[in-house]
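Reader: I should like to learn how to read a structural model feature by feature. May we begin with the strands and then proceed to single residues and open space?

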Amino acid sequence: MSNVIVFGANGRTGHLVVREALRQGHDVTAAVRDPARWQPPSPEESPGTGTSNVVRADVRDAADVRAAVEGHDIVVSAIGPPGRHAHGLYSDAARALVSAMEGAGVPRLIAVTSGGVHDRDPNFPWWYRNLVAPLARELYDDMRLMETIVRGSTIDWTFVRPARLQDEPPTGNYRVVDASNPKGGRKVTRTDLARFIARELDEHHWSHAAPTLAE
């Protein structure tokens, strides 16, 4: 099992990633800006053998990130802004993560971006390409920049690109395509996304790929 650190662990997706990684038996560090807000998954939620702890880190700060990632095997980025605008969050985080991970010798990054990164994907419904994607252009542009920065590094990366995330029970009924939305796919649950990431921690199937998830 691996020693995993999850950035954005206080978010809805990040907290689920911590929970599912613990269920798989990994040791997990939650990297958050405010540790006082951190509520670890209960033993009932994560009955695996993994252990958890929390560290304070600003994902935009390379020194913070370097101190946090030291000694870990895999970094998971589940960061996200509170609204529709990134304000440079993804690209700033990418620069800090690359610098810190290369400096600390941490080899692997799994980062959540979005299926919308490929906003002209013909497999998206027409209304998404023409109505939704333009409204989130700044967000997707920053995610694309994050991916570009990481691709230019020595890190072993995986970009997990979900469709529209749903706060609903997991279905297990979703499709995965590399770098393209599953045809007509519109949504995926956060727990299905988190379970996919937790499996990838072990399977290492999607190295240097962009698995795109949608029902």
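Reader: In which sense, parallel or antiparallel, do strand β6 and β10 pair?

Author: Please keep in mind that this is a predicted model. Strand β6 (residues 156-162) and β10 run in the parallel sense, and two bridges link them. Within that pairing, Pro162 has Leu213 of β10 as its bridge partner.

Reader: How many bridges join strand β8 to β10?

Author: Strand β8 (residues 175-178) and β10 are joined by four bridges, and these two strands run antiparallel. Here Val176 is the residue that stands opposite Leu213. Leu213 of β10 is thus placed against Pro162 and against Val176.

Reader: Which residues of β10 point one way, and which the other?

Author: In strand β10 (residues 211-214), Pro211 and Leu213 point one way, while Thr212 and Ala214 point the other way; all are buried.

Reader: How many residues of β5 are buried?

Author: Strand β5 is mostly covered, with five of its five residues buried. Arg108, Ile110 and Val112 point one way from the strand, and Leu109 and Ala111 the other way. The charged residue can be placed further: Arg108 of β5 has Ile74 opposite it. This belongs to the parallel pairing of strand β4 (residues 74-77) with β5, which has four bridges.

Reader: Where does Thr113 lie, and is Thr113 buried or exposed?

Author: Thr113 lies in the loop between β5 and α4. A residue counts as buried under 20% relative accessible area. Thr113 has 6%, and is therefore buried.

Reader: With which side chain does the side chain of Thr113 make a polar contact?

Author: The partner is the side chain of Glu147, at 2.8 Å. Beyond its neighbours within four places in sequence, Thr113 is also in contact with other residues, among them Met143, Met146, Phe159 and Pro162.

Reader: How should I read the burial of a helix residue such as Ala68?

Author: Ala68 is part of helix α2 (residues 62-69). Its relative accessibility is 8%, so Ala68 counts as buried. Not counting residues up to four places away in sequence, Ala68 touches Ile5, Phe7, Val55 and Ala57.

Reader: What should I know about the sign of phi?

Author: Most residues other than glycine have a negative phi. A positive value in such a residue therefore departs from what most of them show.

Reader: What is the phi of Ala179, and what is the phi of His208?

Author: Phi of Ala179 is near 65 degrees, and phi of His208 is near 55 degrees. Ala179 lies in the loop between β8 and β9, whereas His208 is in the loop between α6 and β10. Ala179 is partly exposed at 32% relative accessible area, and His208 is partly exposed at 47%.

Reader: How is empty space found, and what volume has the largest pocket?

Author: Rolling a probe the size of a water molecule over the atoms shows where empty space is left. In this model, the largest pocket has a volume of about 1,400 Å³. Its lining comprises 48 residues, and Ile79, Gly80, Pro81, Pro82 and Tyr90 lie nearest its centre.

Reader: How do the residues of that lining divide by character, and which elements supply them?

Author: The lining divides into 26 nonpolar, twelve polar and ten charged residues. Elements that each supply at least two of the lining residues include α1 (12-23), β2 (27-32), α3 (89-104) and β7 (164-166).

Terms used:
Residues numbered from 1 in each chain as written. Predicted model: local features only at pLDDT ≥ 70, side-chain atom pairs only at ≥ 80, totals over all residues. Heavy atoms only, no water. 1 Å grid on protein atoms, 1.4 Å probe; cavity = no way out; pocket = protein on both sides within 12 Å on 5 of 7 lines; lining within 4 Å. Points joined across faces, edges and corners; volume = space filled by probe spheres on them. Nonpolar A, V, L, I, M, F, W, Y, C, P; charged D, E, K, R; others polar. Buried < 20%, exposed > 50% of the residue type's maximum accessible area, 1.4 Å probe, protein only. Pairing = 2+ DSSP bridges. Polar contact = N/O pair within 3.5 Å; in protein donor to acceptor, adjacent residues only side chain to side chain. Contact = heavy atoms within 4.5 Å.
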